[in-house]
Amino acid sequence: MTDRSSVGRRQILKSAGVAAAAGAAPWTVADPALAATREYDQRLAAQSTSYQAPRGLAEDSDAKATALGWIGDHSAELIDLNDTVWRHAELSLREWNSSLAVAALLEKYGFDIQWGPAGFPSAFVASYGSGGPTIGFNAEYDALPGLSQKAGGTVHDPLVYHTDPYAPTYGAGHGDAHNALGAGATGAAIAVSQAIRDRGLKATVKLFGTTAEEHLVGKPYMVRAGVYDGLDAFVDWHPFNANLAFWNTTSALISATFDFLGATGHGANPLGNKSGLDGAVLMATMSEFLREKNVAPSGRFHYAIVNGGGAPNVTPDFCSIWFFVREGSPERVKVLYDKIVDAAKAAAQASRTTLVHRFNSGTWNLLPNKAGAELMNDNMRAIGPPAFTDADQALARSLQRSLGKPETGMPTSLVPLAPPPPAFAGGISIDTADVSWQAPTLVALAATIPAGLPNHSWAVTSAAATNIGHQGMLSAARYMAATAVDLITQPDQLSRIRAEFEDRRKAVDWATMIPEGTQQPLVEPPAGFLKQTGQTWPPKGVSWPEKEIISTEPLGTTGPDLPPVT
């Protein structure tokens with residue numbers, strides 16, 4: 001078994017898609033968002049050529065002992081929540097049972113639940129306490145399509161397999177371990193509430209149950225609606241293949257769908273038909289030609305054809321292709337996005353179809369916080385990495401073997417805190433990023449995934465409902481709870497973190513990336529869910545049903561008929 005303590009932090013971050021590139025650029029004037037993130041951290045790194053994370057920031061206290069003790073005493077409850085949400089495996093915007101399960105545990109321990117923030121029926125805000133600093137936590141619980149897998153399975157073996165003679169598919173699964181993410185955050189929030197109650201602390205805890213993180217939808221619209229206003233700090237985590245406090249930024253992102261509308265006809269007599277699929281394939285092909293000369297190393301885009309027709313003998317008159325576009329800042333992602341839109345327009349012209357363009361969501365790059373990362377890191381150091389058994393290590397190595405990765409098992413140490421790499425080469429996006437510009441955001445990464453394996457894979461689903469996922473989730477709950485208690489009991493630490501937050505964003509005129517008038521993506525919930533949560537449909541301010549997208553295109557023409565050939 002390999003101890004990952006010798007593996008470099010930059011190598012770990014590169015495996016997450018937060019890569020380093022050679023060189024750096026002066027962004028202060030041209031791009032304030034990059035100045036507040038990359039350039040700010042470069043200046044901090046330049047002040048010390050041999051950075052050592054400070055110690056002694058995390059303090060032992062009766063309140064912290066109460067919080068950590070509660071997690072230990074109630075680990076079975078948190079594991080049950082973890083596995084319950086794993087079994088539900090509900091897709092983004094449809095997390096009816098998962099959100100109810102998370103909210104029920106919070107309500108059991110005295111949290112007040114307010115459903116439907118920003119019009120999202122499966123989102124909620126859970127609150128406990130009053131006065132003092134307000135500390136926020138983040139719970140997500142959406143699964144990913146096609147990543148169903150039996151728990152503990154070491155070869156690809158979907159738990160749900162949809163049989164079809166022409167197009168079989170796998171069911172949804174927690175390939176990003178959001179079941180663990182939600183359970184860990186819930187445990188941390190309840191633990192801190194117990195410390196507030198038992199130790200007479202003056203503080204407020206809020207847990208934000210958010211929908212559709214995998215679509216990067218929930219938080220940007222909730223931030224736009226003011227749901228996160230008034231926080232003093234926001235504490236978050238994400239399942240990962242290593243253990244570290246996150247001191248870095250992420251990619252800004254735009255999500256959009258492009259619908260190509262044509263005219264149907266028989267596939268055997270296609271003259272005059274207009275294929276929406278042709279439009280989508282042309283757009284995808286044109287966008288691929290952008291990569292070499294029009295996409296910087298920090299840029300990414302990827303897509304899925306989500307509605308491509310039902311049979312080869314029917315020319316599809318309606319086809320949708322869904323794009324994620326990523327870059328280092330909002331300004332940079334808008335430039336790349338405009339190139340993608342131009343490709344869509346050209347594809348519609350070439351395929352003789354009509355383009356309908358839908359902006360789904362947009363999120364900023366994450367605003368990091370060095371002081372917050374240092375406090376989180378010191379608590380992680382004091383608590384230690386997750387404790388994995390020999391059986392856990394054997395399972396991890398089997399999963400690594402199945403995916404052709406080195407059989408190193410689960411990480412057994414913490415990755416030392418270090419400044420971000422000198423240049424940003426792109427990678428992941430998270431919708432917590434929008435929250436990070438409203439309140440200082442502290443993020444931990446905890447191992448629920450075997451070392452070297454990627455998020456968004458069936459192997460993650462496999463591990464997320466085993467002791468590997470359980471131990472990573474419980475450790476994350478401890479890291480967040482301990483850090484939150486320090487924010488409450490050490491006002492100087494919170495002040496230091498907030499001072500850095502204000503300093504970073506003082507030159508940034510933050511504004512949502514969502515165009516004015518854009519309605520959030522929604523799915524109508526079951527009547528029983530609305531009744532159980534006390535909501536009505538549609539939410540206030542939402543136009544429902546949504547306007548239907550229907551092709552009314554005429555068939556194409558080749559001009560006047562030619563005289564018969566004699």
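Q: Which loop holds His-456?
A: This is a predicted model: local features need pLDDT of at least 70, side-chain atom pairs count only at pLDDT 80 or more, and totals for chains, interfaces and linings use all residues. Numbering runs from 1 along each chain as its sequence is written, and side-chain values use heavy atoms, without hydrogens and water. Helices (DSSP runs of H or I, at least four residues) and strands (E, at least two) are numbered from the N terminus. His-456 lies in the loop between β13 (441-447) and α14.

Q: What is the phi of His-456?
A: Most residues other than glycine have a negative phi. His-456 is not a glycine, yet its phi is positive. The value is about 65°.

Q: What relative accessible area does His-456 have?
A: The scale has three classes: buried under 20% relative accessible area, exposed over 50%, partly exposed in between (1.4 Å probe, protein chains only). His-456 counts as partly exposed because its relative accessible area is 42%.

Q: Where does Ala-118 lie?
A: Ala-118 has a positive phi, near 60°, and is not a glycine. At 21% relative accessibility, Ala-118 is partly exposed. Its place is the loop between β1 (112-115) and β2 (124-129).

Q: Which peptide bond is cis with omega about -5°?
A: Most peptide bonds are trans. One cis bond joins Trp-544 and Pro-545, but there omega is about 0°. Pro-538 and its cis bond belong to the segment after α17 (527-533). The bond with omega about -5° joins Trp-537 and Pro-538.

Q: Which helices help cover the buried residues of α4?
A: Helix α4 (residues 75-88) has 14 residues and spans 20 Å, close to the expected 20 Å (1.5 Å times one less than its number of residues). Its buried residues include Leu-78, Ile-79, Leu-81, Val-85 and Trp-86. Just after α4, Ala-89 has a positive phi of about 45°. The cover includes α3 (62-73), α5 (96-108), α6 (178-199), α14 (458-464) and α15 (467-489).

Q: Against which helices do the buried residues of α12 pack?
A: Helix α12 covers residues 390-402 and reaches 19 Å from first C-alpha to last. Among its buried residues are Asp-392, Leu-395, Ala-396 and Leu-399. Gly-404 follows with a positive phi, near 70°. The buried residues of α12 pack against α14 and α15.

Q: Which helix gives the most residues to the largest nonpolar core?
A: A nonpolar core is a set of buried Ala, Val, Leu, Ile, Met, Phe, Trp, Tyr and Cys residues joined through side-chain atoms within 4.5 Å. The largest has 142 residues, with Leu-106, Phe-124, Phe-137 and Phe-258 making the most contacts inside it. Twelve residues come from the top contributor, α15.

Q: Which residues does Ser-99 touch beyond four places in sequence?
A: Ser-99 sits in helix α5. Ser-99 is buried because its relative accessible area is 0%. With contact set at heavy atoms within 4.5 Å, Ser-99 touches Trp-115, Ser-122, Phe-124, Tyr-141 and Phe-529.

Q: How many residues lining the largest cavity are charged?
A: A cavity is a set of points on a 1 Å grid over the protein atoms alone where a 1.4 Å probe fits but cannot get out; lining residues have an atom within 4 Å of a point. The largest holds about 40 Å³, the space filled by probe spheres set on its points. Its lining includes Trp-96, Phe-120, Ser-122 and Thr-211. Seven lining residues are nonpolar and two polar; as for charged ones (Asp, Glu, Lys and Arg), there are no such residues.

Note on methods. On a 1 Å grid over the protein atoms alone, a cavity is a set of points where a 1.4 Å probe fits but cannot get out, and a pocket is an open set with protein on both sides within 12 Å along at least five of seven lines; lining residues have an atom within 4 Å of a point.
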